[in-house]
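Visitor: I am new to this structure and would like a close look at a single part of it, the largest cavity. Could you take me through what surrounds it, and then lead outward from there to the rest of the chain?

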Amino acid sequence: MARPEKGIPATAALEVAELARELRALRRSSGLTYKELSDRSHYSAAALSTAASGKTVSTWLVVEAFVRGCSPTADLTTWRRLYQNAQTRADADAARAKTKVAEISTAENDKAEDRAEPFPHLRLGTRRKTATEPETVPAAQPDGLLALVQRFMDVHGQLNAQTPDDLQRVSSLTLDHVHTALALCTTPRDVLDVMNELVAHKGLTIGDLERRSQAAYPISGATFAHVLGGNELPTTEWLAIFLRACGVDQERTLIWHYTTTRIKIAQLRHRTTPPPLIPTLGEPESKAKYRERMLMMALGVASILMAIGISAAQIFAS
């Protein structure tokens, strides 16, 4: 019996994790083991497993062979986009790590010079050389809730690297970008924004969603565009089909349904416009009922006044 596949690291970058999840889902749907996939693709099982590990980004040739081995007729356009997004993110992370190592090395050299020369200002005619700092380009502000969460998780991961193992194991359980983004949602528009970002990160189009929905229940591309561009939460059934079309694993859909239910309950509990107590005059079918009610109220008031008048007359007569 084959050993279960290890989970994708919680600290993996969003784009790298998405590529790994899609490759794993493709292999599971094909029913192939890594050994069988290796025979088809002519790459070792270890190389194919690494491509879907989420720890690194393999070459495009390995990814292409992985996809072709699972589905010879697969459209490589979406896979190329997923690979390019993952590779770009991996290159950026590697560049940041290289810069960080250079900064640490420079700081250690400075400390060593300070220890070797405790009173450098007493030396005449010399000037201490400083290492040229690498030019850095200010990072663009992230767009969208998922991108903001990704930026927070990057910082969180750097802090984890400096903490003891016990603390790191506890905090790493929360490193799920989509779950964190959904936990921050407070309005229907927030949820729809995360849905749109999910589609973008998956590299999907409206046409892809329409085609993928056929397996569960056919939904037109116009309906997908209408819901994703609107301001109302989707129904539970529609959301389930959308998540399936996006390739979200079944066990990861619960947080989506929990979030939409939480916001719907909040909307019901904090309604700004209460339901009308009486029919409005603007509705033609309620005018007769409204006049009838007003007439009954007038008759009731008249009866009360008449009773008061009779009682007062009897008191004065006595």
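Guide: The model shown here is a predicted one, and the part you ask about, its largest cavity, is lined by Glu 18, Arg 21, Val 178, His 179, Leu 198, Lys 202, Gly 247, Val 248, Asp 249, Arg 252, Ile 255 and Trp 256. The elements that each give two or more residues to this lining are helix 1, which spans 14-30, helix 8, which spans 177-183, helix 9, which spans 188-202, and helix 13, which spans 254-269. When the lining residues are sorted by class, 5 are nonpolar, 2 are polar and 5 are charged. The space inside the largest cavity comes to about 120 Å³, and a search of the whole structure for cavities of 30 Å³ or more finds 1.

Helix 9 is a good element to follow from here, since Leu 198 and Lys 202 belong to the lining of the largest cavity and both are also listed among the buried residues of helix 9. The other buried residues of this helix are Pro 188, Val 191, Leu 192, Val 194, Met 195, Glu 197 and Val 199. Helix 9 has 15 residues, and the distance from its first C-alpha to its last is 21 Å, close to the 21 Å expected at 1.5 Å a residue. After helix 9 comes Gly 203, which has a positive phi near 75 degrees.

On the other side of helix 9 in the sequence, the loop between helix 8 and helix 9 holds Cys 185. Cys 185 has a relative accessible area of 0%, and therefore counts as buried, the cut-off being under 20%. Its C-alpha atom is separated by 8.3 Å from that of Ile 263, although Cys 185 and Ile 263 are 78 residues apart along the chain.

Helix 1 leads from the largest cavity to another space, because helix 1 is listed for the lining of the cavity and is also, by the definition of a lining residue as one with an atom within 4 Å of a point, a contributor to the second largest pocket, to which it gives the most, with 6 residues. About 650 Å³ of space lies in this second largest pocket. Its lining has 24 residues, of which the closest to the centre of the pocket are Glu 22, Leu 26, Ser 29, Trp 79 and Arg 212. Two or more residues of that lining come from each of helix 1, helix 5, which spans 76-116, helix 10, which spans 206-212, and helix 12, which spans 236-245. By class, the lining of the second largest pocket divides into 10 nonpolar, 5 polar and 9 charged residues.

Glu 22 deserves a pause here. This residue is found in helix 1, and because its relative accessibility is 9%, Glu 22 counts as buried. Leaving aside residues up to four places away in sequence, Glu 22 touches Trp 79, Leu 82, Lys 202, Arg 212 and Cys 246. Among these partners, Lys 202 is one of the residues that line the largest cavity, while Trp 79 and Arg 212 are among the residues closest to the centre of the second largest pocket.

Helix 5 also holds Asp 91, which is partly exposed, with a relative accessible area of 44%. The C-alpha atoms of Asp 91 and Val 57 are separated by 9.5 Å, and these two residues are 34 residues apart along the chain. Helix 4, made up of residues 60-70, is largely enclosed by the rest of the structure, because 8 of its 11 residues are buried. Those buried residues are Trp 60, Val 62, Val 63, Ala 65, Phe 66, Val 67, Gly 69 and Cys 70. His 42, by contrast, lies in the loop between helix 2 and helix 3 and counts as exposed, at 71% relative accessibility. His 42 has a positive phi of about 65 degrees although it is not a glycine.

Stepping back to the whole chain, its secondary structure comes to 14 helices and 0 strands. Of the 318 residues in the chain, 30% are buried. Among contacts between residues at least 6 apart in sequence, 62% join residues at least 24 apart. The chain exposes about 21400 Å², and carbon and sulfur atoms supply 59% of that area.

Conventions
Residues numbered from 1 in each chain as written. Predicted model: local features only at pLDDT ≥ 70, side-chain atom pairs only at ≥ 80, totals over all residues. Heavy atoms only, no water. 1 Å grid on protein atoms, 1.4 Å probe; cavity = no way out; pocket = protein on both sides within 12 Å on 5 of 7 lines; lining within 4 Å. Points joined across faces, edges and corners; volume = space filled by probe spheres on them. Helix = DSSP H or I, 4+ residues; strand = E, 2+ residues; numbered from the N terminus. Nonpolar A, V, L, I, M, F, W, Y, C, P; charged D, E, K, R; others polar. Expected span 1.5 Å × (residues − 1). Buried < 20%, exposed > 50% of the residue type's maximum accessible area, 1.4 Å probe, protein only. Contact = heavy atoms within 4.5 Å. Areas by Shrake-Rupley, 256 points an atom, 1.4 Å probe, with all protein chains shown as cover.
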